[in-house]
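Visitor: I am new to this one. Please show me the structure, and let me ask how each label is earned.

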Amino acid sequence: MYDLMIENGYIIDGTENSGYIADIGILNKRIVSIGNLKSESAEKKIDATNKVVSPGFIDIHSHSDFNILNAPFESNKIFQGITTEVTGHCGYSLFPVTKESLPHFELLLKSNNIKLNIDWLSAKDCLNKVDLQGIGVNFLSLVGHGILRMLVMGFQARKASEEEVEKMKKLLVEVMEDGAYGLSTGLGYPPGCFADTSELIELAKVVKRYDGVFTCHLRDQGDHLIESVKEIIKVAEESGVAVDISHIKSMGKKNWGKVKEALELVEEARKRGVNIICDFYPYIGTNEPLISLLPKWMHEGGNEKLIERLKDEKILKDLEIEMREKDADYWSSIIIAEVKSEKNKSLEGMTVAEVSDLWDKKPIHTVCELLLVEYCSVSVICKVTCEEDLKYVAKKPFIAIGTDGFALPDNIYDYKGHPRNFGTFPRFLGKLIREEGVATLEEGIRRITSLPAIFLGIKERGLLKEGMYADIVIFDDEKISDRGTYENPGQYPEGIDYVIVNGNVQIENGNYNRKSCGKVLRKK
């Protein structure tokens with residue numbers, strides 16, 4: 001007798017093979033049979049007639065680690081069909097921590113309005129804490145390059161010495177031994193933005209020894225996009241490490257179209273044998289901390305020094321001169337998504353240009369004052385990419401999908417962040433696959449299941465195959481769609497009937513069973 005049987009579903013197995021109708025038998029968390037199982041019995045049966053049955057979706061780019069202990073069931077992710085999350089991106093992770101670096105960590109959390117009691121030091125202890133608490137989906141983590149650099153040299157805006165690089169490499173070895181899947185960089189953010197290419201190559205060589213992956217938030221996604229992509233291809237070629245370029249895009253109207261040249265570089269590298277992929281989210285709006293709009297020199301020394309600079313009239317004059325090329329259209333494209341204080345909640349949903357008119361200030365002065373009063377804890381949505389670029393990216397077979405989002409508590413109806421936190425995967429399958437026809441459904445499923453699983457080296461997930469863990473999504477391919485908008489982002493998607501994690505039914509006809517059946521995955 002099976003624990004669970006899925007009957008009459010249209011199975012798309014995560015490969016490029018055509019779909020077919022069959023039953024799936026699940027026992028002890030795994031798929032044990034696929035075929036005609038009508039004569040078999042099961043404790044529970046699900047009728048999937050006229051529905052697609054696919055592997056669980058893998059969110060290859062997530063920041064849920066920073067809220068997983070506060071929102072372990074992360075309903076905004078599992079209602080999308082996500083059964084595995086890859087966290088620790090853009091140079092930031094929850095580990096490692098030292099007693100000396102703890103104040104920096106606490107300041108980082110405070111500036112992002114995250115309430116978290118850090119009572120661990122090592123990656124092992126952190127992952128064990130997540131495991132012990134219990135989670136609703138599978139969870140794995142990279143280690144952030146920015147965190148390693150912060151531990152070794154704080155927020156110093158300079159090239160690391162050989163000795164400092166060796167210290168970072170030693171820390172990296174420790175976290176890889178503890179089960180991290182690789183290293184992430186945030187070369188657009190401090191302190192990662194202060195690193196040179198040689199530092200990245202040396203760290204990537206360590207990751208390669210452990211057969212891990214190297215993910216990269218590029219140094220620049222606008223004016224210097226092409227140079228930034230070339231840098232990461234160089235890192236991949238000289239170290240041999242597997243690389244994922246995070247949320248690939250061309251930012252800024254004058255740069256629209258550059259993403260085509262960038263992807264041509266990636267394709268050429270792949271033809272040379274470089275193991276490199278990209279990921280993206282299907283929205284033209286990005287979600288950034290407001291401080292990321294400031295020049296890199298403003299960030300040296302961390303947020304404490306940044307706040308001091310924001311109070312310095314001379315520095316503000318220099319800042320105004322440096323950012324004078326930002327025009328009215330630019331500031332009208334920056335939407336205040338979230339602030340920390342109640343007194344400024346009314347600003348959420350307004351553009352920087354609108355707030356500037358309200359406060360009767362120049363836009364850059366508005367940005368600086370808002371950062372001061374909110375202690376840098378302001379996030380913004382930037383509508384700086386275009387639909388044509390997005391569709392071009394969406395067609396490429398080596399590009400996976402990532403929410404770039406956070407775990408959120410249940411029933412966040414007043415949520416004012418990015419709609420990608422609720423609708424990334426349904427939007428990809430609904431708007432881009434079904435409506436725009438950027439790829440076949442089989443190809444689309446492959447890119448959110450087996451493609452990331454193979455890239456990451458997750459050998460028992462990402463396919464509907466006997467012996468694999470039973471991470472499964474059952475959905476209506478004619479109805480699956482996102483519902484969130486920039487104005488009202490906190491809406492769950494439509495068309496997903498069941499989500500199964502490790503053989504446990506988590507989503508059942510719109511109801512969330514909230515089982516602690518997710519697993520913390522460690523690199524072996």
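Visitor: Which residue stands opposite Asp244 in strand 13?

Guide: Asp244 stands opposite Ile277. Keep in mind that this is a predicted model.

Visitor: How do you know that strand 12 and strand 13 pair?

Guide: Pairing takes at least two bridges between two strands. Strand 12 (residues 242–245) and strand 13 are joined by 3 bridges, so they pair. They run parallel.

Visitor: What makes strand 13 mostly covered?

Guide: Strand 13 spans residues 276–280, and 5 of its 5 residues are buried. Ile276, Cys278 and Phe280 lie on one side. Ile277 and Asp279 lie on the other. Both faces are covered.

Visitor: What is the strand order in the open sheet of 6 strands?

Guide: The order is 9-10-11-12-13-17, with parallel pairing. Strand 9 (143–144) and strand 17 (399–401) stand at the edges.

Visitor: Why are strand 9 and strand 17 said to stand at the edges?

Guide: Each has a single partner strand, so one side of each is left without a neighbour in the sheet.

Visitor: How many bridges pair strand 9 and strand 10?

Guide: There are 2 bridges between strand 9 and strand 10 (residues 182–186), in the parallel sense. The cut-off is at least two, so this counts as a pair. Gly144 stands opposite Ser184 in strand 10.

Visitor: Which helix packs on that sheet?

Guide: Helix 6 (residues 197–209) does, touching strand 10 and strand 11 (213–217). The direction of helix 6 makes about 155 degrees with that of strand 10.

Visitor: What about the open sheet of 3 strands: what is its order?

Guide: The order is 6-7-8, again with parallel pairing. Strand 6 (57–59) and strand 8 (138–141) are at the edges, because each has a single partner strand. Neighbouring strands of this sheet are turned by 15 degrees against each other on average, direction ignored.

Visitor: What joins strand 6 to strand 7?

Guide: Strand 6 is joined to strand 7 (residues 82–87) by 3 bridges, and the two run parallel. Asp59 stands opposite Glu85 in strand 7.

Visitor: Why is helix 7 called roughly parallel to helix 8?

Guide: Helix 7 (residues 225–239) and helix 8 (residues 258–271) pack at an angle of about 15 degrees. Angles under 35 degrees count as roughly parallel, so the label fits. Their axes are 9 Å apart, and the crossing is right-handed. Leu225, Ile226 and Val229 of helix 7 are among the residues in contact, as are Leu265 and Val266 of helix 8.

Visitor: What makes helix 4 mostly covered?

Guide: Helix 4 (residues 145–153) has 8 of its 9 residues buried. The buried ones include His145, Ile147, Arg149 and Met153. Just after helix 4, Gly154 takes a positive phi of about 60 degrees.

Visitor: How many disulfides does the structure hold?

Guide: It holds 0 disulfides.

Visitor: Why does Cys216 form no bond with Cys90?

Guide: A disulfide needs sulfur atoms within 2.5 Å. The sulfur of Cys216 is 8.9 Å from that of Cys90, its closest cysteine sulfur, so the gap is too far for a bond. For Cys368, the closest cysteine sulfur is in Cys376, at 10.0 Å, also too far.

Visitor: How do you know whether Cys216 and Cys368 are buried or exposed?

Guide: Buried means under 20% relative accessible area. Cys216 has 0% relative accessibility, so it counts as buried. Cys368 has 4%, so Cys368 counts as buried too.

Conventions. Residues are numbered from 1 along each chain as its sequence is written. This is a predicted model: local features need pLDDT of at least 70, side-chain atom pairs count only at pLDDT 80 or more; totals for chains, interfaces and linings use all residues. Side-chain values use heavy atoms; hydrogens and water are left out. Buried means under 20% relative accessible area, exposed over 50%, partly exposed in between (1.4 Å probe, protein chains only). Helices (H or I, at least four residues) and strands (E, at least two) are DSSP runs, numbered from the N terminus. Axes are lines fitted to C-alpha atoms, for helices over the stretch in contact, and angles run from 0 to 180 degrees between N-to-C directions. Angles under 35 degrees count as roughly parallel, over 145 as roughly antiparallel, 65 to 115 as roughly perpendicular and the rest as oblique. A crossing is left-handed if the near helix is turned anticlockwise from the far one by less than a right angle, and right-handed if clockwise. Contact means heavy atoms within 4.5 Å.
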